[in-house]
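Here's a quick tour of a protein model, pitched for someone just getting started. Take a look at the sequence and the 3D picture, then follow along.

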Amino acid sequence: MDILSPDERRIVYARLVRGYAETAYSGQPLEMQWTWLMAAHVVGQHDPAMHFDSHRRMLALAREHRDWREVIGQIARLALLPLGHLLRRIPMGNVGRSTVPITQVMQPPDTVQVLIDWATLATKLPK
């Protein structure tokens, strides 16, 4: 992902969260909803407020679908989030799901990267 200013990062994050909300509202498959949230997590994970918000949304989605393993994983991530930011130990590219180790640096899956690239594109167009 290109280097984004804090304002650009907030705009990209908001686009991804809006995309998630639209997929949830329109009844899109659950996996697509997770993909939007994972993309939002990757973009927002280095800002404590956006990072918290992405995990809060992931927790709500997991709870709504009674995915108790994911619920527990999201609670753990929310609990450790302040420590991670305090120690500056936020792994680049981590998608934030309970299926991925909390400290794993990773390249986001292609489906996640495509959404990030789409949401970022408009911030890079000439004005």
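Which backbone oxygen lies 2.8 Å from a polar atom of the side chain of threonine 35? The backbone oxygen of glutamate 31 does. Keep in mind that this is a predicted model. Below we go through charged pairs, an arginine without such a partner, a ring pair, a greasy-side-chain patch and some backbone details.

**Threonine 35 and its surroundings**

- Threonine 35 sits in helix α2.
- Its relative accessible area is 7%, so threonine 35 counts as buried, the cut-off being under 20%.

**Salt bridges: the trio in helix α3**

- The model has 4 salt bridges by the rule used here.
- One of them joins the side chains of aspartate 53 and arginine 56, at 2.6 Å from N to O.
- Both of these residues belong to helix α3, which covers residues 48–64, and they're 3 residues apart, or about one turn of the helix.
- Aspartate 53 also has a salt bridge with arginine 57, where the closest N and O atoms are 2.7 Å apart.
- Arginine 57 and aspartate 53 are 4 residues apart in helix α3, so about one helical turn separates them.
- How do the three compare in terms of cover, buried or partly exposed? Aspartate 53 is buried because its relative accessibility is 15%, while arginine 56 is partly exposed at 39% and arginine 57 is partly exposed at 24%.

**Salt bridges: a link across the sequence**

- Glutamate 70 and arginine 97 also meet through their side chains in a salt bridge, at 3.1 Å from N to O.
- Glutamate 70 is in helix α4 (residues 68–86) and arginine 97 is in the loop between α4 and α5 (110–124), so this pair ties together parts that are 27 residues apart in sequence.
- Both ends of this bridge are tucked away: glutamate 70 is buried at 2% relative accessibility, and arginine 97 is buried at 10%.
- Back in helix α3, shared partners join the salt bridges of Asp53, Arg56 and Arg57 into one network.

**A buried arginine with no salt bridge**

- Arginine 9 belongs to helix α1, which covers residues 6–25.
- What's the nearest side chain of opposite charge to arginine 9? That's aspartate 47, 7.3 Å away, and arginine 9 has no salt bridge even though it's buried.
- A salt bridge needs the atoms to be within 4 Å.
- Arginine 9 does have a backbone neighbour, though: a polar atom of its side chain lies 2.7 Å from the backbone oxygen of valine 43.

**Valine 12, also in helix α1**

- Valine 12 is in helix α1 too, and it's buried, with a relative accessible area of 0%.
- Valine 12 and glycine 44 are 32 residues apart along the chain, and their C-alpha atoms are separated by 8.8 Å.

**Two tryptophan rings**

- There is 1 aromatic pair by the rule used here.
- Why is this pair called edge-to-face? The rings of tryptophan 36 and tryptophan 118 have their planes at 90°, with centres 5.8 Å apart, so they fit that label.
- The pair links distant parts of the chain, with tryptophan 36 in helix α2 (residues 30–44) and tryptophan 118 in helix α5, 82 residues apart.
- Their cover isn't alike: tryptophan 36 is buried, with a relative accessible area of 11%, but tryptophan 118 is partly exposed at 48%.

**A nonpolar patch on the surface**

- Leu80, Leu83, Leu86, Leu87 and Ile102 make up a nonpolar patch on the surface, and together they have about 490 Å² of accessible area.
- Leucine 87, one of the patch members, is found in the loop between α4 and α5.
- Leucine 87 counts as exposed because its relative accessibility is 52%.

**Two arginines with positive phi**

- Most residues other than glycine have a negative phi.
- Arginine 66 has a positive phi, near 55°, and it lies in the loop between α3 and α4.
- With 60% relative accessibility, arginine 66 counts as exposed.
- Arginine 88 also has a positive phi near 55°, and its place is in the loop between α4 and α5.
- Arginine 88 counts as exposed as well, at 75% relative accessibility.

Technical notes
Residues numbered from 1 in each chain as written. Predicted model: local features only at pLDDT ≥ 70, side-chain atom pairs only at ≥ 80, totals over all residues. Heavy atoms only, no water. Buried < 20%, exposed > 50% of the residue type's maximum accessible area, 1.4 Å probe, protein only. Lys, Arg positive; Asp, Glu negative; His and termini not counted. Polar contact = N/O pair within 3.5 Å; in protein donor to acceptor, adjacent residues only side chain to side chain. Patch = residues over 30% accessible without salt bridge, like charges linked within 9 Å, V, L, I, M, F, W, Y side chains within 5 Å. Areas by Shrake-Rupley, 256 points an atom, 1.4 Å probe, with all protein chains shown as cover. Phe/Tyr/Trp six-rings, centres within 6.5 Å; stacked < 30°, edge-to-face > 60°.
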